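Please examine the sequence and the three-dimensional model shown here. The explanation below is intended to be read alongside them.

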Amino acid sequence: MHILMFADQHIETLGGAQVSMRLQRRFLERAGHTVTIVAPARHWPRATTATPDAAFLDLPSVPITLDREYALTVPGRRADAAIDRALTHRPPVDVVHVQADFWGAFLGHRFSRRTGIPAVHTMHNRVDVGIEAVAPFPGTVLAALNLWQRRSLPRLSGVPVGSDGWAYLRGLAAGALAVTAPSAHFARRLEDHRVFPSVDVVWNGIDDDVLDAALAVAGAPRTSGRPRFVWLGRMSPEKRLMPFLEAVAASGVRADVEVIGGGAQLAAARSLVQRLQPAASVTFAGRLPYAETLRRIQEADAVVQTSIGFETQGMTVFEAASLGTPSVVSDPDIGAELRSGFWAVGERAGDPSVAALAAALRRAAEDISGGAAPVPDVSIRERFRQSSRTDAMLEVYRRAIG
């Protein structure tokens, strides 16, 4: 089978969707399939250090960030022609897999419509929540995105026109024969908002080899020392790092807290810790290699998840559960997906208050010190492996082709 994937960003750039697509590609190829990935070409200095890869179909693009990490390809006839020319030298395409929200999605569905090759669309992001977190006038931005979509990808008959995030996703899904989501709670929301009648749940997985290597190394045995908490992720407002640090101080817990990751809020986070002087020790580890991050998760007593309503899956807590580490969970949808092995934040679902998070940290610290920490669902480890996720996606492909 030849799978033609479309992405908004080159998969060798930073980002959760890119990591997932790299893993999908490797396991599909391991299963004997061919993968071609259409994405904007990288720019200097990234492009100069890149190793040529026959799986990449890089399109002319313009950089859109100051560090030139990310780029945009203008969807239109010129990009369409570039894709068609490049594919004449490759095996016939069996299925189109769109894993993009913007220009990559437009290009993927344009290709599917003009060739008649079936399209599967994976919804990775809550477009409305993401734009609200970064744009000063999110309603205006969403209206503009819907207009851009209608011009780049004309509406199919029967699809209503709108100006919000759900209307935008409905427009993308209209030409797909199957839609997948990385969690049951996101799939349910897509169905409730009439994005697609029935959405398949296919988790983003973890590399089997990396998981096995991590499990083969025994974690440090639990001693009578202070509880060890880990927070990891991008340091941006929607991830709620600052409320977490405020909660650490308000809780009064004597614990070792490690913050892994980077982002725009790093300097502010350091300043906040210095000003609040929590009883817990707080260290900032920065960005770490993936294997090292997993080791830190495995050695921790708990991973702390703080975003609410933003994550379409919440990978960190699934990684933690796979390694046997419980989590403190702020988002009730993610907690429902985990089923067990976590401390819920707040009596009210999705309570965003610092006080609720502080109370959950105190409960977790007491349980950890008393040897009463909850145990994650043991089935997650096998269900989270990329090999099983690849098998699930291949079934979706076959159904779309059939």
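The following paragraphs treat two sheets, the helices that lie across them, and two residues in loops.

The model is a predicted one. Its description may begin with the sheet that contains the N-terminal strand β1, which spans residues 2–6. This sheet is open and comprises seven strands, arranged in the order β3-β2-β1-β6-β7-β8-β9 with parallel pairing. Its edges are formed by β3 (56–59) and β9 (200–201), each of which pairs on one side only. Strands of a sheet pair through backbone hydrogen bonds, in either a parallel or an antiparallel manner. Within the sheet, β1 runs parallel to β2 (residues 34–40), and five bridges join the two strands. One point of reference in this pairing is Met5, whose bridge partner in β2 is Ile37.

A helix accompanies this sheet. Helix α3, residues 103–115, lies across β1, β2, β3, β6 (95–98) and β7 (119–122). Relative to β6, the helix runs at about 160°.

The second sheet is also described as open, and it has six strands in the order β12-β11-β10-β13-β14-β15, paired in parallel. Strands β12 (281–286) and β15 (342–344) have a single partner strand each, and therefore one side of each is left without a neighbour in the sheet. On average, neighbouring strands of this sheet are turned by 25° against each other, direction ignored. At one edge, β15 pairs in the parallel sense with β14 (residues 327–329) over three bridges. Here Val329 has Ala344, in β15, as its bridge partner.

Helix α9 (residues 241–251) lies across four strands of this sheet, namely β10 (228–232), β11 (256–260), β12 and β13 (302–305). The helix runs at about 170° to β11.

Two loop residues merit attention for their backbone conformation. Arg240 is located in the loop between β10 and α9. Its phi is near 60°, a positive value in a residue other than glycine. Arg339 lies in the loop between α13 (332–338) and β15. Although Arg339 is not a glycine, it has a positive phi of about 80°.

Is each of these arginines buried or exposed? Arg240 has a relative accessible area of 13% and, because buried means under 20%, it is classed as buried. Arg339 has 60% relative accessibility and counts as exposed, because the cut-off for that class is over 50%.

How values were computed: Residues numbered from 1 in each chain as written. Predicted model: local features only at pLDDT ≥ 70, side-chain atom pairs only at ≥ 80, totals over all residues. Heavy atoms only, no water. Pairing = 2+ DSSP bridges. Axes fitted to C-alpha atoms, helices over the stretch in contact; angles between N-to-C directions. Contact = heavy atoms within 4.5 Å. Buried < 20%, exposed > 50% of the residue type's maximum accessible area, 1.4 Å probe, protein only.
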